[in-house]
2 protein chains.
Amino acid sequence: MTDYRLLRVALLGAGAVGSQVAALLLKHADELADRAGARLQLAGIAVRSLDAPRDTELPRELFTTDAASLIASSDIVIELIGGIEPAREHILSAIGSGADVVTANKALLATHGPEIFEAADRVGASVYYEAAAAGAIPIIRPLRDSLAGDRVRRIMGIVNGTTNYILDRMDTEGAEFSDVLADAQRLGYAEADPTADVEGYDAAQKAAILASLAFHTAVPLEAVHREGITAIDKSIMDAARHAGYVVKLLAVCERLDGQDDSPTGEAISVRVYPALVPRSHPLASVHGANNAVFVEAEAAGPLMFYGAGAGGVQTASAVLGDVVSAARRHIAGGVGVGESTRANLPVVEVGRVVTRYQITLEVVDQPGVLSTVAGLLSDGHVSIATVEQTTTIGESDAAATARLVIGTHKAKEQDLSATVERLAASEVVARVVSVLRVEGN
Amino acid sequence: MTDYRLLRVALLGAGAVGSQVAALLLKHADELADRAGARLQLAGIAVRSLDAPRDTELPRELFTTDAASLIASSDIVIELIGGIEPAREHILSAIGSGADVVTANKALLATHGPEIFEAADRVGASVYYEAAAAGAIPIIRPLRDSLAGDRVRRIMGIVNGTTNYILDRMDTEGAEFSDVLADAQRLGYAEADPTADVEGYDAAQKAAILASLAFHTAVPLEAVHREGITAIDKSIMDAARHAGYVVKLLAVCERLDGQDDSPTGEAISVRVYPALVPRSHPLASVHGANNAVFVEAEAAGPLMFYGAGAGGVQTASAVLGDVVSAARRHIAGGVGVGESTRANLPVVEVGRVVTRYQITLEVVDQPGVLSTVAGLLSDGHVSIATVEQTTTIGESDAAATARLVIGTHKAKEQDLSATVERLAASEVVARVVSVLRVEGN
């Protein structure tokens, strides 16, 4: 056995990921030492209460409620508490005491990333966060290092397993949102309060992290446009399938050219919404709770990274990879996985985005309706690519209505929304059923 | 403009990749400086002859035939000559003079990797080679860093674009090998001498590199079992499709347990051969000249990395990512992308491998044949999962024959080959049409 230097590792949090990290640190201690060039001693596990029931075989003497002392005496601090406080405070004091930090905390990085990275920069510490963006999928190092000589044009990510699980089952089984959500909650794929997932908050945090890295720009969470999937119902799924699409909740990070108010003409857009993806696109075949990040770079062309986006042991893999990197750096010095925000591109509102749309309208079933609708679209600078009249619904207490599904050419989001408002106000339109963006073609 | 330190970058070779690397270094100089924290000055491009015709707009004064002087005065040396010599000599002298090295040279790394990495270790230099394993696809950093806290069980890679292009067209068009190869040569997807690709030599070099990294073991090229795709014909393709498979040339790197002659019971197998992949497997939908690397790790579970495996500008993306990493390291110090061979697992012969097989036999069409064949398989410890008699061929000058397609349960390769030899010698077997491994289920 090589006589390695000892590094003290503090673990904050003993939940699904934390308990796996602790177990693997103990189980694979020798292998990890060989790879890191240092023996990684699990110095302690900070938890809120020692009495909380734990389904774990970890040595009880490792647990402590004194996070501050544990942090102060450690070389590497793994933060797996989640949320803003006390995670933020613990990370800042770890940095202050000269430790390197590993975290999977997307909420914290998306809101306080710059504060944390600046604190680390000041003292030459490093903050690693491979597990914060797409669980077990290696995406941070590829974006920061492998693509550092390239220019990312666009990222389209399925970065939330819960919503992909729900949309995938709605698609393959023809089920309704509420039924699948209830089932997902029963099976543990969704939380009792599913808001963070189904409203896109979790995906928006990850989008902010990915966009910051890819575009070398600090992207604040507030700049991420966010829509959830609660409005997606069976009829939207059916219509998408009929048109050759599947509905996916996408995190889209895009470089935009020709922006007058940017010094270089370049800006970025970061947005999370349910979008129609062509069935032939690689992202369309990402099933269940899996994640995938599709990256288009100027030189490399299209790349895709696929794997488990969540799960205790899967996420622990990404955390431990970071711990080994932190240990190597702690010994050899040099650069960690910091942030470069040199480009500092403006983040523009979703109104500037140019994409294709599918608009579904319920219209009164009478001559001249299509001409009126087409006129409103044309006036609004939205060009029609396809129109299909799908069903005619006769209702006893109302005029007969028909359903129009309109596929547009590329249009600017602000033109599109203004046009949709005018459509909604039109006498021939009974109801705007849905407006969905089409991404990935 | 920030006042960055200057790093001199030498480029060796101005082929398809080299000329793109040079062009991008010049075009994106400011952005690269921001990301690297150093200005990357292209100091020169070493070529064999200044008079060779070049389809490039690169400044002529950058070209030189004096590689030695260029190397001696540079901080980072990019080797894109390929082959063993003079690439090896140039890389060793670059390391000797204190430069960091970036190379895409799979042939050199697969044969002289340990020599090069040891030379670099001795002086604290780094050798980066993201482009050597799967072109533009980031796979080196994920294996070395992101998965450093995990244990890779198995890699299945489509790492040769030419053969994937050929097999994909044979599959989708029902075309013959020779016709598609000729077309691929005409379109520039295959070399005039296609041996390196179609016989699996290129894939074997990449397999050695991937296995070395994934298993922390120096895997010599000679230890890689290698078979090409020249025996794959339309009838094999048709039978594969009929059985729900597609034929892919796979580089398989696998951790084996229960090996008596290994101290830990663990060993590895590294092999390249055409294999049957279930249509539902993610690798089955890798089309055209694309590459993909499917990784199964103990904690992370299945991961897939997908993208362009070749092409000048695509490969240049990976090379430039390495140049930025080398520059950061050159300034900040610390660890590069070296090799860990601490595990040093034995690499076993293909005979030890356990997998499923599909055996296709032409047998005489008479009663009792299936019983004889089944008896031979059973005697050889090969258990039958499925049997299908596909066609009966009546020939005027011979006995009528039938075709048997046998799917086996998992069997050891050495048992299987011995059994196939006995089948071939049997009176009831007219011909062993094909024996293919089934991977990925």
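**Reasoning about a two-chain model**

Tutor: In this predicted model, domain 2 of chain A and domain 3 of chain A bury about 1100 Å² between them, with 57% of that area on carbon and sulfur atoms.

Student: Which residues of domain 2 of chain A supply more of the area buried against domain 3 than any other three residues?

Tutor: They are Ile236(A), Tyr273(A) and Leu276(A), which supply 37% of the area that domain 2 of chain A buries against domain 3 of chain A. The contact takes 15 residues from domain 2 of chain A and nine residues from domain 3 of chain A, while the centres of these two domains, taken over C-alpha atoms, are separated by 26 Å.

Student: Why is Glu191(A) called exposed?

Tutor: A residue counts as exposed when its relative accessible area is over 50%, and Glu191(A) has 54%, so the word exposed applies to Glu191(A). Glu191(A) lies in the loop between helix 9 (177-187) and helix 10 (195-198) of chain A, and, leaving aside its neighbours within four places in sequence, Glu191(A) is in contact with Gln185(A) and Asp197(A). An unreviewed UniProt entry lists Glu191(A) for "binding site".

Student: How do you know that the span of helix 15 of chain B agrees with what is expected?

Tutor: The expected span is 1.5 Å times one less than the number of residues, and for the 13 residues of helix 15 (residues 413-425) of chain B this comes to 18 Å; the end C-alpha atoms are 18 Å apart, so the two values agree.

Student: What makes the buried residues of helix 15 of chain B line one face of the helix?

Tutor: The buried residues in helix 15 of chain B are Glu413(B), Leu416(B), Thr419(B), Val420(B) and Leu423(B). Seen down the axis of helix 15 of chain B, these buried residues fall within an arc of 125 degrees, and therefore they line one face. On the other side of this helix, Glu421(B) and Ala425(B) are exposed. What covers the buried residues of helix 15 includes strand 13 (354-364), helix 14 (369-379), strand 16 (411-412) and strand 17 (429-438) of chain B.

Student: How many residues of each chain are in contact where chain B meets chain A, and how much area is buried between them?

Tutor: There are 47 residues of chain B in contact with 47 residues of chain A, and the two chains bury about 4100 Å² between them, 55% of it on carbon and sulfur atoms. In chain B, Arg35(B), Arg328(B) and Arg342(B) lose the most area to chain A, together 16% of what that side buries.

How values were computed. Residues are numbered from 1 along each chain as its sequence is written. Chains are lettered from A and ligands numbered from 1 in the order in which they are written. This is a predicted model: local features need pLDDT of at least 70, side-chain atom pairs count only at pLDDT 80 or more; totals for chains, interfaces and linings use all residues. Side-chain values use heavy atoms; hydrogens and water are left out. UniProt positions are given in the numbering used here, feature names are shortened, and annotations may be inferred rather than shown by experiment. Helices (H or I, at least four residues) and strands (E, at least two) are DSSP runs, numbered from the N terminus. Buried means under 20% relative accessible area, exposed over 50%, partly exposed in between (1.4 Å probe, protein chains only). Contact means heavy atoms within 4.5 Å. The arc is that of the directions from the helix axis to the C-beta atoms. Domain bounds come from an automatic or database domain assignment. Buried area is the accessible area (1.4 Å probe) that two parts lose on being put together, summed over both.
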